[in-house]
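Please find below my notes on the model you sent. They are set out as numbered points, to be read with the structure open.

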Amino acid sequence: MALSPVLESKRLTLQGQLDSAKTLAERNKLGQFPTPTMLATDILEYARTLLPPAVRIRFLDPAFGTGSFYSALLKCFATRRIAAAVGYEIDPHYAQATIDLWRGQALDLRLMDFTHATAPASNADKFNLLICNPPYVRHHHLTQAVKTHLLQAVQRATGLKLNGLTGLYGYFLCLSHAWLADDGLAGWLIPSEFMDVNYGQPLKTYLLDQVTLLRIHRFDPTDVQFQDALVSSAVVWLKKTPPPVDHIVEFTYGGTLAQPVITKDIPAAALRDSSKWTHYPRASIGPRPDRSGLKLADLFKIQRGIATGANDFFILSTDQIAEQNLPRECFIPILPSPRYLAADEINADIQGDPLIDRARYLLNCNLPEEAVKRQFPTLWAYLQTGVAAGIDQHYLCQHRTPWYAQEVRAPALFLCTYMGRQDTGRGRPFRFILNHSQATAPNVYLLLYPKPNLALHLDHHPRRITAVWHALNEIQMETLIGEGRVYGGGLHKLEPNELANAPAEKLLAVLPELSLNPSGQLRLLEEQMPYDVHPNTKHAPAAVARVQKAATRTQASKVKRKGTPHPSQGTRTP
Ligand SMILES: C[S@@+](CC[C@H](N)C(=O)[O-])C[C@H]1O[C@@H](n2cnc3c(N)ncnc32)[C@H](O)[C@@H]1O
């Protein structure tokens, strides 16, 4: 082994000094988060097992930093096996000190932007071992000019059209194709998000069609690899050679590359049909375990709660409303963040307001500014404080007319908290809430509105509302986690369409009359109902509509007494 431990410890000291001379924001801009020594060694050790012993190494790291991978290369491979070692680093702050650090080693470190470098023309000059932890720079931090350059360069290198939402790491991966020698090996330490999102599709196509995808290892997100960059990372191993027929890819999870906790072989054909690769290796291949095929989307319309654009301004307590003497009829109840809900079942007072400790109210006024000024002078004065604070210039407010108008979300009988960790006191990242109140909900909840067939059913069997709620909470946490995505540090998240995709078999158990026939009876039933699915319409079944109707009645009667039009008149339905 060629590296003295002293040199690695010098490198780590240098890394610490260089990092601490920059702010976190500066490091974020160029994705400057180093790979821990143990992980770099794990990666290079694994690379050694994949390379035939006689092969001499031509090594490339396109995002070099201070050279954690180069250091691990020297540790894991004898010097005589290393024919060439090249690195690219865009930032002189790191590159200059790094050149000094490795002086005396046969390293060619180039101080330039890798995305503008030209790949060697001949196969002999290309690289047979490429290891990279590319910058994790999100697409909205790339200027349009940079994006245009990157998209064109990737198209030249691979023929692929990447999605404009791709982060910089995706471009690094594709651009490196031109730098890899035939049969060359690449190991990429990248965020695993590309495996599940639409914009990751071209990258997955690249991995399945243009190279042989050997293995994807995902780290356990609770075992965060990068203390200062919360990402859930994966190592993607590929070989630059066309994939064999019936190719099988190894998916591993947890532990280390050498000793993963779970391993499963997945046929490339299954990956082609799978929109979520992070299901592997935990998911079984083949049909869903849900025998009925029924999904939550068949029973519920699912929407995210209200994004106000400035919660502190638009959501107030009773005391705040009283202090400012604001008109109570311009506010509707809204649930507080789930962390302030002591119980998962919310009861209501006679007005329909939730019986909870932290009652909150959302400004709900769509009247034009002139009308507010005339009818509700104290509210007008309050809005002026918002203008002075620049709230009318917030992105969402700018796109609304008037700027203080809010989205409309009828109170939902069932809600889901869709962001959370498994290691919390409750041990469940997602909870379903049963809401008997007239409160709407902010965007930290997903709102589940029963579709007409279910709403009608619950109307006839109101006691089943609680049974449905329990059944929702009985959906296996693993199943919901599998539908969603996970971020570094173990934060799980579910988008509305991901929750909609969750199996609803548990609900069928408590709704026997709604069992599906093979031709999809539920859908048929729904088609026969000639009314809008939105629970806010006058045709919606009473079980779902009554909450909203009661709310509207209360609002309307209050306003009628004043003889003024209702402040939320003209609101849009979701
Ligand atoms: C995630 S760090 C990895 C550093 C090192 N390889 C490691 O694993 O510890 C990414 C490095 O790429 C550099 N970088 C960012 N954009 C680059 C570009 N366009 N060309 C070359 N290097 C770049 C950053 O300055 C940073 O040092």
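The points that follow go from the chain as a whole to its sheets, its cores and the ligand shell.

1. The model is a predicted one, and its chain of 574 residues has 41% of them counted as buried. The secondary structure comprises 22 helices and 20 strands. Among contacts with a separation of 6 or more, 75% are between residues 24 or more positions apart.

2. One open sheet has nine strands with mixed pairing, and its order reads β3-β2-β1-β4-β5-β7-β6-β8-β9. Its edges are formed by β3 (108-111) and β9 (260-267), each of which pairs on one side only, and the twist from one strand to the next averages 15°.

3. Within this sheet, β4 (residues 127-132) and β5 (residues 180-191) run parallel and are joined by five bridges; L129, for instance, has L185 in β5 as its bridge partner. Helix α3 (residues 37-50) packs on the sheet, where it touches β4, β5 and β7 (233-239), and its direction makes about 150° with that of β5. Helix α5 (residues 92-101) also packs on the sheet, touching β2 and β3, with a direction at about 155° to that of β3.

4. A further open sheet is made of three strands in the order β11-β14-β12, with antiparallel pairing. Here β11 (315-316) and β12 (331-334) are the edge strands, each pairing on one side only. Two bridges join β11 to β14 (residues 360-363), and these strands run antiparallel, with I315 standing opposite L362 in β14.

5. Which residues of the largest nonpolar core touch the most other members? Of its 70 residues, these are I43, L44, L73, L130 and F172, while helix α7 (residues 168-175) gives the most to this core, with seven residues. Apart from this core lies another, of 60 residues, which includes F300, L480, I481 and A500. As a general matter, nonpolar side chains tend to be buried together in soluble globular proteins.

6. L130 deserves a separate look: leaving aside residues up to four places away in sequence, L130 touches L60, S176, W179, L180, G184 and A186.

7. The ligand is surrounded by 22 residues, of which P34, T35, A63, G65 and N133 are the closest. By class, this shell has eleven nonpolar, seven polar and four charged residues. Helix α4 (68-76) and strand β2 (82-89) each supply at least two residues of the shell, and β2 is also a strand of the nine-stranded sheet, listed there between β3 and β1.

Conventions. Residues are numbered from 1 along each chain as its sequence is written. This is a predicted model: local features need pLDDT of at least 70, side-chain atom pairs count only at pLDDT 80 or more; totals for chains, interfaces and linings use all residues. A residue is near a molecule or strand if its C-beta atom, placed from the backbone, lies within 6 Å of it. Helices (H or I, at least four residues) and strands (E, at least two) are DSSP runs, numbered from the N terminus. Ala, Val, Leu, Ile, Met, Phe, Trp, Tyr, Cys and Pro count as nonpolar, Asp, Glu, Lys and Arg as charged, and the others, Gly among them, as polar. A residue is buried if 20 or more other C-beta atoms lie within 10 Å of its own, exposed if 12 or fewer, and partly exposed in between; C-beta atoms are placed from the backbone. Two residues are in contact if their C-beta atoms, placed from the backbone, lie within 7 Å. Two strands pair if DSSP finds at least two bridges between them. A nonpolar core is a set of buried Ala, Val, Leu, Ile, Met, Phe, Trp, Tyr and Cys residues joined through C-beta atoms within 7 Å. Axes are lines fitted to C-alpha atoms, for helices over the stretch in contact, and angles run from 0 to 180 degrees between N-to-C directions.
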